[in-house]
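This report describes the surroundings of a bound ligand and then the fold of the chain that holds it. Please consult the sequence and structure shown below alongside the text.

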Amino acid sequence: MVSFYDVFMAPLERLGIRKRRQYILEKAYGETLEVGSGTGANLPYYNNDNISSVCVTDVKLSKHLKNKMDKDACIKEASATKLPYSDNHFDTIVHTLVFCSVDHKHIGMQELKRVLKDDGQILFIEHVLPKNPILRALFKLINPVWMLLSRDCTLTHDFIKTATENGFEVAEKNRFFLTSFIAGKLVKKANN
Ligand SMILES: C[S@@+](CC[C@H](N)C(=O)[O-])C[C@H]1O[C@@H](n2cnc3c(N)ncnc32)[C@H](O)[C@@H]1O
């Protein structure tokens, strides 16, 4: 059965998110962790020639995700703020449209930093406040209602600020959908 989320997202996927998923995920390599996998929208885009394994996690595993995974696949119920992995474990961490909903965002970024190898990478897509002042004001205005409807997804989180305050630097970024979404790559800052 198709999930409500996938139906809701289908127009946005067609308009550009799918293309960005493909673009970031072709860079995934080595031991890979995906955080907040949802219904598994990223799964078709991993290049198995480059990755040695993918572990998918979510604070609440959906049956849609479980149905898409092999029986012996690495799939764990875990919050981004408390990951069941050792330090310096992963070459690549992926999160798409997740940090808007993570309740303790700084703890989440610190946790990603802990499990990421020093020369590893984070590949992400997140939504952010657009640059246009009228749109920004509109996003801030509708945010309380949106948070109620979406169960705690905030439209106002400054993801890049959270990442850079927690030991990452932006190696690549592209904004799209009137600058309200951002896709890119983070690496650890040196000596952090
Ligand atoms: C909007 S969905 C995005 C799903 C998928 N990543 C995608 O790109 O379609 C947000 C997902 O983040 C998960 N999530 C929310 N808070 C989380 C947390 N603290 N740790 C891990 N996942 C979380 C939710 O359960 C949900 O599956």
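In this predicted model, the ligand is surrounded by 16 residues, of which Y5, G36, D58, A80 and T96 are the closest. Sorted by class, the shell around the ligand consists of eight nonpolar, six polar and two charged residues.

Polar contacts to the ligand are listed for G36, A80 and T96.

| Residue | Protein atom | Ligand atom | Distance |
|---|---|---|---|
| G36 | backbone N or O | nitrogen | 2.7 Å |
| A80 | backbone N or O | nitrogen | 2.8 Å |
| T96 | side-chain N or O | oxygen | 2.5 Å |

The backbone of G36 thus faces a nitrogen atom of the ligand at 2.7 Å, and the backbone of A80 likewise lies 2.8 Å from a ligand nitrogen. T96 contributes through its side chain, with an N or O atom placed 2.5 Å from a ligand oxygen. On its own the ligand has 600 Å² of accessible area, and the protein covers 85% of this area. As for its location, the ligand occupies the largest pocket.

The chain itself comprises five helices and seven strands. Their order along the sequence is α-β-β-α-β-β-α-β-α-α-β-β. The radius of gyration of the chain is 16 Å, close to the 16 Å given by the globule rule for 192 residues, and the chain is therefore as compact as a globular protein of that length. Measured out along its principal axes, the C-alpha trace spans about 45 × 45 × 25 Å.

Notes
Residues are numbered from 1 along each chain as its sequence is written. This is a predicted model: local features need pLDDT of at least 70, side-chain atom pairs count only at pLDDT 80 or more; totals for chains, interfaces and linings use all residues. Side-chain values use heavy atoms; hydrogens and water are left out. A residue is near a molecule or strand if one of its heavy atoms lies within 4 Å of it. A polar contact is a pair of N or O atoms within 3.5 Å; within protein, one must be able to donate a hydrogen and the other to accept it, and residues adjacent in sequence count only if both atoms are side-chain atoms. Accessible areas come from the Shrake-Rupley method with a 1.4 Å probe; for residues, only the protein chains shown count as cover. On a 1 Å grid over the protein atoms alone, a cavity is a set of points where a 1.4 Å probe fits but cannot get out, and a pocket is an open set with protein on both sides within 12 Å along at least five of seven lines; lining residues have an atom within 4 Å of a point. A molecule sits in a cavity or pocket if more than half of its atoms lie within 2 Å of its grid points. Ala, Val, Leu, Ile, Met, Phe, Trp, Tyr, Cys and Pro count as nonpolar, Asp, Glu, Lys and Arg as charged, and the others, Gly among them, as polar. Helices (H or I, at least four residues) and strands (E, at least two) are DSSP runs, numbered from the N terminus. The radius of gyration is taken over C-alpha atoms; the globule rule is 2.2 Å times the number of residues to the power 0.38.
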